[in-house]
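Here are some exercises to work through with the model open beside you. Try each task before you read its solution.

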Amino acid sequence: MYRMFTANDVSNIFEQLTEIMTELVGLKDVQAAVLSTEDGLSIQRLSPGDPQLAAVAGFMLAAAQQSFAMLGLEVATEVVIRSQDRQMLVCHVFIVSGSKAILTIVFKQRVQYAELVKKTVRKIQQTMEK
Amino acid sequence: MADVSIHNHPLQFSKSQQQELDSSLMRLADRIAAPLVMVTDISGRLILYRGRLSTSQSTALAALAAGSFGAGVEMGNFLGLRGPNAFRQQLHEGKAANLFTIAIDEELLLVVAYTQRTTLGLVRVYSQTAQEEIMELVQVAKEERTTANRLDDMDRDEFGLALTDQLDELFPD
């Protein structure tokens, strides 16, 4: 490989985001989690399935926002889907560094997720807006 | 994409504007661990560069990046994507590294190289932040260029009138 690109080119912010998301995925109720842009591009990745989850989140959010607009409602900021066997997918939109981002979490069971989402979003904002 | 006058009167940045531009690029490079960040104009004239290439290499890369971006915009033209719908971003993807280009206003391009140790999403977020920061400098530089051009025109008009007067004096009817 050309010496211009080295293994030392590691973004501190990227590493810190990875830590935050690793901690999140390590919780007993969380099956998977990804941070992405509004249009579904991964900002951080832990597992090979993350880009797919990020893309799905971007698609769902776009569909939700279009639905809200069609109904003349306010701007949609969260999408929640629950399965029959208690699994739950939460896509939460927030602003970070002037851009919209989506925090997507797949829960193994139905839980009170609001506080966890709020705390994680705050950590991501603090990391990315340094 | 741009008016012909852009090529005749490229944007000029003052020393303090260049310092702000430099800070913006350094911040971007630091955030995404980019080994190369540069701002070039759409003619391929290198404005500012931060990275591991030599001056001649970076100058050549600026010209190539502008050419490649221009080709992309023309491809969009074929598809009817013009004006506000024209392509504004370009990505060259590889196994080891990628090159991302984003338009800043209508005259400048921000070129960013990044490795697989980061993601396109993160690069997009911070490139857009840098784009907005640089856009503010571009607006000021554009206003200064307009003022300078107006003064040039006035000087030329005054010179023309003075010359006519002199010629009239030299060669009266």
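The exercises below go through chain A and then chain B.

This is a predicted model, in which local features need pLDDT of at least 70 and side-chain atom pairs count only at pLDDT 80 or more, while totals for chains, interfaces and linings use all residues. Residues are numbered from 1 along each chain as its sequence is written, chains are lettered from A and ligands numbered from 1 in the order in which they are written, and side-chain values use heavy atoms, with hydrogens and water left out.

**Exercise 1. Work out how H1(A) and H3(A) are placed relative to each other, and what lies between them.**

Step 1: Find the helices. Helices are DSSP runs of H or I with at least four residues, strands are runs of E with at least two, and both are numbered from the N terminus. H1 covers residues 12–25 of chain A and H3 covers residues 114–128 of chain A.

Step 2: Look at the axes. They come within 9 Å and cross at roughly 170°. Axes are lines fitted to C-alpha atoms, for helices over the stretch in contact, and angles run from 0 to 180 degrees between N-to-C directions.

Step 3: Name the arrangement. That crossing makes H1(A) roughly antiparallel to H3(A) (angles over 145 degrees count as roughly antiparallel, under 35 as roughly parallel, 65 to 115 as roughly perpendicular and the rest as oblique).

Step 4: List the residues in contact (heavy atoms within 4.5 Å). From H1(A), A:Ile13, A:Gln16, A:Leu17, A:Ile20, A:Met21, A:Glu23 and A:Leu24 take part; they meet A:Leu116, A:Thr120, A:Lys123, A:Ile124, A:Thr127 and A:Met128 of H3(A).

Step 5: Sort them. Eight are nonpolar, three polar and two charged. Here Ala, Val, Leu, Ile, Met, Phe, Trp, Tyr, Cys and Pro count as nonpolar, Asp, Glu, Lys and Arg as charged, and the others, Gly among them, as polar.

**Exercise 2. Draw the sheet of chain A and place the two helices on it.**

Step 1: Write down the strand order. The open sheet has four strands, S1-S4-S3-S2 in chain A, with antiparallel pairing. Two strands pair if DSSP finds at least two bridges between them.

Step 2: Mark the edges. S1 (30–37) and S2 (78–82) of chain A each have a single partner strand, so one side of each has no neighbour in the sheet. From one strand to the next, the twist averages 15°.

Step 3: Check one pair. S2(A) joins S3 (residues 88–96) of chain A through five bridges in the antiparallel sense; within this pair, A:Arg82 stands opposite A:Met88.

Step 4: Add the helices. H1(A) packs on the sheet, touching S1 and S4 (99–107) of chain A, and its direction makes about 150° with that of S1(A). H3(A) lies across S1, S3 and S4 of chain A and runs at about 35° to S3(A).

**Exercise 3. Describe S4(B), its partners and its burial.**

Step 1: Find the partners. S3 (residues 89–93) of chain B pairs with S4(B) over five antiparallel bridges, with B:His92 partnered by B:Leu99. The two strands form a hairpin with three residues between them. On S5 (residues 108–115) of chain B, eight bridges join S4(B) in an antiparallel run, and B:Thr115 stands opposite B:Ala97.

Step 2: Judge the burial. Eight of the eight residues of S4(B) (97–104) are buried (under 20% relative accessible area with a 1.4 Å probe, protein chains only; exposed is over 50%, partly exposed in between).

Step 3: Separate the faces. B:Ala97, B:Leu99, B:Thr101 and B:Ala103 point one way, and B:Asn98, B:Phe100, B:Ile102 and B:Ile104 the other.

**Exercise 4. Which residue in the loop between S4 and S5 of chain B has a positive phi?**

Step 1: Recall the usual case. Most residues other than glycine have a negative phi.

Step 2: Locate the residue. B:Asp105 lies in this loop, and its phi is near 55°.

Step 3: Check its surroundings. B:Asp105 is buried, with a relative accessible area of 14%.

Step 4: Find a parallel case in chain A. A:Arg86 has a positive phi of about 80°, and sits in the loop between S2 and S3 of chain A.

**Exercise 5. Summarise chain B as a whole.**

Step 1: Count the elements. Chain B has four helices and five strands, in the pattern α-α-β-β-α-β-β-β-α.

Step 2: Note the burial. Of its 173 residues, 43% count as buried.
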